[in-house]
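Trainee: Can you walk me through this one? I have it open and don't know where to begin.

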Amino acid sequence: MADNLIEFTPKGMYCAQGDFYIDPWRAVERALITHAHGDHARYGHKYYLSHHDSIPIMKARLGFNLYDGVAYGETRVINGVKVSFHPAGHIIGSAQIRLEYKGQVWVASGDYKTEFDGISPAFETVKCHVFITESTFGLPVYNWNPQQEIFDDMNAWWQHNKERGIATVIMAYSLGKAQRILHNIDKGIGPVYLHGAIHNMNQAIRSSGYDLPNFPKVDASMKKEHFRQALIIAPPGATGTSWFKRFLPYSVGVASGWMAVRGTKHRQAADKGFALSDHADWPGLNAAIKATGAEKVIVTHGYTAVFSKWLCENGYDSRTVETQFVGEGPDISEEETDTPENIEIQDLGLEEKNIQE
């Protein structure tokens, strides 16, 4: 059993020995949740086990259920399987889930990033025999600039818009990206306003003890003059709505890892793109996997075939599996953006024959 500690079933990742699932996409009795994004934490399970900080977020998104929280590094024994949660660096509350049984250690990483963002607990290497990894940005073209450079660029863009007397609107996912921007942006440039979805998410996160700035949400009674020098943060689903048009004239930016791809900014109808992702880039994925010491690597969502082939060519026993995780793509409350399936190969700046280089 230890040789196949996690199975991939129609309901999700299943540990038969422990009789529990990890991030299942169909309703189950017992679910261990890596983080609270909608493709990993779904409605309908009888019991949810996660890091403490994910529980207020799941309550806000899924309502009241039977939730159980653990601290990072705390061990639970479930039917003989030692289970512990470790920081994934993806968003607040995100975790890698470590399973140990009969000397075998498996780690289901969920989504992760290796650069410390200043607000989410930093990614922690967890040694294991088998590592289950995402590959959302599993191509060499994805190589993030240091976070500070991105925020310097964002601050300069906002300052420029302020001097022109127009609103600055940044599109960012309501869970993860929005809080990262709020934590790192230069809030001295001007006022900040939030879409209601982001404001509500901040309230949930704040209940876990995080010191997020309490900026107001956009109110229907506000005049256009409120927004002339302001930064407004909104989820992608707000684009093109009547809510959005109240900020005219404005300049729109999109914060997403897909902004690193030529042409994506234009398809998003954005004035400015920021390649800011809560997922590991190509160097981050490779460094994280190497550090685990894993002999076997299972690749889930993203550029699975390409990345798994690369790993095999570099000495790993690797295979791909099909899951319903989407990485940096649609959220349960937000519209779909570009995903690996609909980005064309010419947009990547690589010829197909060179994709391994």
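**Serine 109 and the sheet**

Mentor: Serine 109 has 0% relative accessibility, so this residue counts as buried (buried means under 20% relative accessible area, exposed over 50%, partly exposed in between, with a 1.4 Å probe and protein chains only). The model is predicted, so local features need pLDDT of at least 70 and side-chain atom pairs pLDDT 80 or more, while totals for chains, interfaces and linings use all residues. Residues are numbered from 1 along each chain as its sequence is written, and side-chain values use heavy atoms, leaving out hydrogens and water.

Trainee: Where is the place of serine 109?

Mentor: Serine 109 sits in the loop between strand 10 and strand 11 (strands are DSSP runs of E, at least two residues, and helices of H or I, at least four, numbered from the N terminus).

Trainee: Which backbone oxygen lies 2.6 Å from a polar atom of the serine 109 side chain?

Mentor: That of isoleucine 132.

Trainee: OK, the sheet. What is the order of the strands?

Mentor: The sheet is open, with 7 strands in the order 7-8-9-10-11-17-18 and mixed pairing (two strands pair if DSSP finds at least two bridges between them). Strand 7 (75-78) and strand 18 (317-320) are at the edges with a single partner strand each, so one side of each has no neighbour in the sheet.

Trainee: How many bridges join strand 10 to strand 11?

Mentor: 3 bridges, and the two strands run parallel. Valine 107 stands opposite phenylalanine 131 in strand 11.

Trainee: Which strands does helix 7 touch?

Mentor: Helix 7 (residues 282-292) packs on the sheet and touches strand 11 and strand 17 (296-302) (contact means heavy atoms within 4.5 Å).

Terms used
Axes are lines fitted to C-alpha atoms, for helices over the stretch in contact, and angles run from 0 to 180 degrees between N-to-C directions. A polar contact is a pair of N or O atoms within 3.5 Å; within protein, one must be able to donate a hydrogen and the other to accept it, and residues adjacent in sequence count only if both atoms are side-chain atoms.
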